[in-house]
Amino acid sequence: MAALPGSEPSKFPRHVAVIMDGNGRWAYRQHLPRVAGHRRGAEVVREMVQSCVDLGIPHLTLFAFSTENWRRPPLEVRLLMNLFRLLLKREARKLHENGVRLRIIGDRSALERDIRQLIEDAENLTRDNTRLQLNLAVNYGGRWDIAQATRAAIAAFQSAALNLQDLSEQDIARHLSLSDGPEPDLLIRTGGEERISNFLVWQLAYTEFYFTDTLWPDFDRASLQHALHSFAHRQRRFGRTGDQVLEGDCSVSD
């Protein structure tokens, strides 16, 4: 894993999650239509993926479209879906050539059939890649994720004739959208807001948060490096004391 100047590779996050906020405001400040901000934001996604590949960060999860975003004006929703179609068509091959595995998390049932097919094709194309796991959250909500995981865990218990009183956090967690990878170490939110907006509600329990006023279309490699430097200087305790961490007590896994 490549290290930033002044940081240790061990202090790098294994998993970075990003709430990409500020596309509309960026367009407004540029006297452009909102869709121009979304298009520029899509270009920044490409740059962010490349930066994570270069730095050796193995997992990246981006909040692209929430379950609440359907409330936006119908024209904007339609433009966002068309942009998503275009990205799936254009970028899947490039991701594959760069060793990136693409995965879409969220409720696909509300997406149009052709989009669901494009998702399936892109995931199948890239499924064996190991250089970077790129998760795009589309029609995703953290509460939806917990609800669907709980239903799946209950169904599994009932199928195995197990007592639901024994249902544990671990039983639910194994059915969450990102159950096969590490939980995010670092959450970045651009655009100046300081909330998680129903993103990865379960998985962010021990994540370090980094909020920046930088709008997503202006978030570049230097901005990412600043966030990584901030992360590298934090002490992650996971319920332990600071002294325990310094003494190397690893009884609670990082």
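Reader: Why does Gln-203 count as buried?

Author: The relative accessibility of Gln-203 in this predicted model is 3%, and the term buried applies under 20%. Because 3% lies under that limit, Gln-203 counts as buried.

Reader: Where is Gln-203 found with respect to the strands?

Author: Gln-203 belongs to the loop between E5 and E6.

Reader: What makes the pairing of the side chains of Gln-203 and Asp-145 a polar contact?

Author: The distance given for the two side chains is 3.2 Å. A polar contact requires a pair of N or O atoms within 3.5 Å, one able to donate a hydrogen and the other to accept it. The value of 3.2 Å falls within that limit, so the term polar contact is applied to Gln-203 and Asp-145.

Reader: Which residues does Gln-203 touch, not counting those up to four places away in sequence?

Author: Gln-203 touches Tyr-140, Asp-145, Leu-176, Ser-177, Leu-178, Glu-183 and Pro-184. Asp-145 is thus named as a contact of Gln-203 and as its partner in the side-chain polar contact.

Reader: What is known of the strands on either side of that loop, and why are E5 and E6 said to pair?

Author: Strand E5 covers residues 186–189 and is joined to E6 in the parallel sense over four bridges. Pairing requires at least two bridges, so the four bridges between E5 and E6 satisfy the criterion. One bridge partner is specified: Leu-187 is matched with Phe-209 in E6.

Reader: Which residues of strand E6 form its covered face and which its uncovered one?

Author: In E6, residues 208–211, the covered face consists of Glu-208 and Tyr-210. Phe-209 and Phe-211 form the uncovered face.

Reader: Why does Glu-208 count as buried?

Author: Glu-208, which is placed in strand E6, has a relative accessibility of 17%. Since the term requires a value under 20%, Glu-208 counts as buried. Apart from neighbours within four places in sequence, Glu-208 is in contact with Asp-185, Leu-186, Leu-187, Phe-231, Arg-234 and Arg-236.

Reader: What feature does UniProt place at Glu-208?

Author: The unreviewed UniProt entry places the feature "binding site" at Asp-21 and Glu-208. Of these residues, Asp-21 is included in the lining of the largest pocket.

Reader: For which residues does UniProt list "active site"?

Author: The unreviewed UniProt entry lists Asp-21 and Asn-69 under that name. They are spread over 49 residues of sequence, yet they cluster in space, with a largest C-alpha distance of 12.2 Å. The lining of the largest pocket includes Asp-21 and Asn-69.

Reader: How do you know whether Asp-21 is buried or exposed?

Author: The relative accessible area of Asp-21 is 17%. Buried means under 20% and exposed means over 50%, so Asp-21 is buried. Asp-21 lies in the loop between strand E1 (15–19) and helix H1 (23–29).

Reader: What makes the link between the side chains of Asp-21 and Arg-189 a polar contact?

Author: The distance is 3.0 Å, and the limit for such N or O pairs is 3.5 Å, so the term polar contact is used. Leaving aside neighbours within four places in sequence, Asp-21 is in contact with Arg-189, Thr-190, Gly-191, Glu-193, Leu-215 and Trp-216.

Reader: Why does Asn-69 count as buried?

Author: The relative accessibility of Asn-69 is 16%. This is under the 20% limit, and therefore Asn-69 counts as buried. Asn-69 is placed in the loop between strand E2 (59–66) and helix H3 (74–97). Its contacts, neighbours within four places in sequence left aside, are Ala-64 and Val-77.

Reader: Helix H3 includes Leu-88; why is Leu-88 called buried?

Author: Leu-88, in helix H3, has a relative accessible area of 7%. Because this is under 20%, Leu-88 is buried. Apart from sequence neighbours within four places, its contacts are Leu-102, Ile-115, Leu-118, Ile-119 and Ala-122. Leu-118 is 30 residues from Leu-88 along the chain, and their C-alpha atoms are separated by 6.4 Å.

Reader: What share of the chain is buried, and how many helices and strands does the chain have?

Author: Buried residues account for 46% of the 254 residues. The secondary structure comprises eight helices and six strands. Among contacts between residues at least 6 apart in sequence, 73% join residues at least 24 apart.

Terms used:
Residues numbered from 1 in each chain as written. Predicted model: local features only at pLDDT ≥ 70, side-chain atom pairs only at ≥ 80, totals over all residues. Heavy atoms only, no water. UniProt positions renumbered as here; feature names shortened; annotations may be inferred. 1 Å grid on protein atoms, 1.4 Å probe; cavity = no way out; pocket = protein on both sides within 12 Å on 5 of 7 lines; lining within 4 Å. Helix = DSSP H or I, 4+ residues; strand = E, 2+ residues; numbered from the N terminus. Buried < 20%, exposed > 50% of the residue type's maximum accessible area, 1.4 Å probe, protein only. Contact = heavy atoms within 4.5 Å.
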